[in-house]
Amino acid sequence: MRVTVFHNSNSKSLRTAADLESKLKQQNFELVEANPEIVITIGGDGTLLSAFHKYAHMLDRVRFVGVHTGHLGFYTDWRDYELDELVASLRRDDNEQVISYPLLDVGVRYAGDNAMNHYLALNESTLKRVSATMVADVYIRDELFESFRGDGLCVSTPTGSTAYNKSIGGAVLHPRLEAIQLAEIASINNRVFRTLSAPIIIAKDEWIDLYPDPQGKDDYVMTVDRFVPKKRPITAIRYRIAKQRIAFAGYRHTNFWNRVEDAFIGEKQRE
Ligand code: NAP
C-alpha cells in the first residue's frame, strides 16, 4: 500500500512523523509523496486542511487518516501514542470502512474573464471586504434573496460548520447531512438595509450566487479554507455541493456529537 505522511512543523509532530515512517517501513508499506492511496496527517485539523488541498486533484483514489498531536480534532481520530494500533489497522485495510463527507464547490468569475474557475473547500469559503462595507446581492437558485451589507459572508460544509462558521453564529451540522450553510459576518441591519440576520442551510440541489458590488471590486478577498486562491477582482461566485467528497479511512468511528461536546463543552458540572 502506498502511504504518505504529511505533518506540520511542531516538534511533537516531527517526532511522531519520524516514528510512524519507521514503523510503516518495517511493515513494508511503500512511502511515496506522489500518488499515495492513504495520506496520514500529523498535527491538527489545519494540517489535514493543507494535506487535503495538496491531494485535492486525486480525491477519487485517496483516503485520509488524521493523527493529532494537540487536542482532539474534527478530522483527526488517532493520538500520537497509538501508532502501532494505527499501522495494524492499515495492514488490515478494509475499503468498506470508508467514511466520506461533502465538499463545497466554489465557482468564481474574475473580472475580464468569462470562464468559471473552480475550487474545492473542505471547511468553508468566505467573501469579505477589508476596508469598507461589503455590498453583495445574494441569489438562491437564481432568485434574488437579499442585498447584503456588512463585513462578509461565509459558506461552509457540514464538517466545516464547527470551524469559522460556528464563530460567526452558524449552526453545527451533522456531517451525514448533504447541505451547505450561508452565515453572515457582521451584517448591517437598520431601517434602510435589511438581511435575514440568521444562518441558512440550503438543500443538496440548490446553489447560492454572490454578486459583489463592482464599486468595491479591488477590495474583496475570497478565501477557500486557509487560502486566498487569487487576488483578482471578482464579479460572481457560485457555491454548491461538490460532486467530489473527501474519504477517510474509517478504521475508527468517533460519534460526531461526542466530538463536538469534547471540543467545545468539556467537563460538565451537574447539580
Ligand atoms: P488555523 O490556525 O489552522 O485554524 C484555526 C482553528 O480552527 C484551529 O484551532 C483549528 O484546529 C480549527 N479548525 C480547523 N478546522 C476545523 C473544523 N472543521 N472544526 C473545528 N475546528 C477547526 O487557521 P487557518 O489556517 O487560518 O484556517 C484554517 C481554518 O480555521 C479555516 O478553514 C477556518 O474555518 C478556521 N478559522 C476560524 C476563525 C474563527 O473561528 N474566527 C478564523 C480564521 C480561520 P487545529 O488547532 O486542530 O488545527
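How far from an oxygen atom of the ligand does a polar side-chain atom of His71 lie? Select the ligand and His71 together in this predicted model, and the separation to look for is 3.2 Å. Next add Tyr164, where a polar backbone atom is 3.1 Å from an oxygen atom of the ligand, and then Arg226, which places a polar side-chain atom 2.6 Å from a ligand oxygen atom. With these contacts displayed, consider the ligand's surface: taken alone it exposes 820 Å², and the protein buries 62% of that.

Now widen the selection to the 16 residues around the ligand, of which Asp45, Glu124, Thr162, Ser167 and Arg226 come nearest. Colouring this shell by residue class should show five nonpolar, seven polar and four charged residues. Helix 2, residues 45–54, gives the most to the shell, with three residues. Colour next by domain: because domain 1 (2–97 + 250–270) and domain 2 (103–243) both give residues to the shell, the ligand lies between them.

Leave the ligand and select strand 11, residues 180–187, where six of the eight residues are buried, so the strand is largely enclosed by the rest of the structure. Showing strand 10 (residues 143–156) brings in an antiparallel partner, joined to strand 11 over six bridges, and within this pairing Cys154 has Ala183 of strand 11 as its bridge partner. Finally, select strand 12 (residues 200–202), which pairs with strand 11 in the antiparallel sense over three bridges; here Ile180 has Ile202 of strand 12 as its bridge partner.

Definitions and conventions:
Residues numbered from 1 in each chain as written. Predicted model: local features only at pLDDT ≥ 70, side-chain atom pairs only at ≥ 80, totals over all residues. Heavy atoms only, no water. Buried < 20%, exposed > 50% of the residue type's maximum accessible area, 1.4 Å probe, protein only. Helix = DSSP H or I, 4+ residues; strand = E, 2+ residues; numbered from the N terminus. Pairing = 2+ DSSP bridges. Near = heavy atom within 4 Å. Polar contact = N/O pair within 3.5 Å; in protein donor to acceptor, adjacent residues only side chain to side chain. Areas by Shrake-Rupley, 256 points an atom, 1.4 Å probe, with all protein chains shown as cover. Nonpolar A, V, L, I, M, F, W, Y, C, P; charged D, E, K, R; others polar. Domains from an automatic or database assignment.
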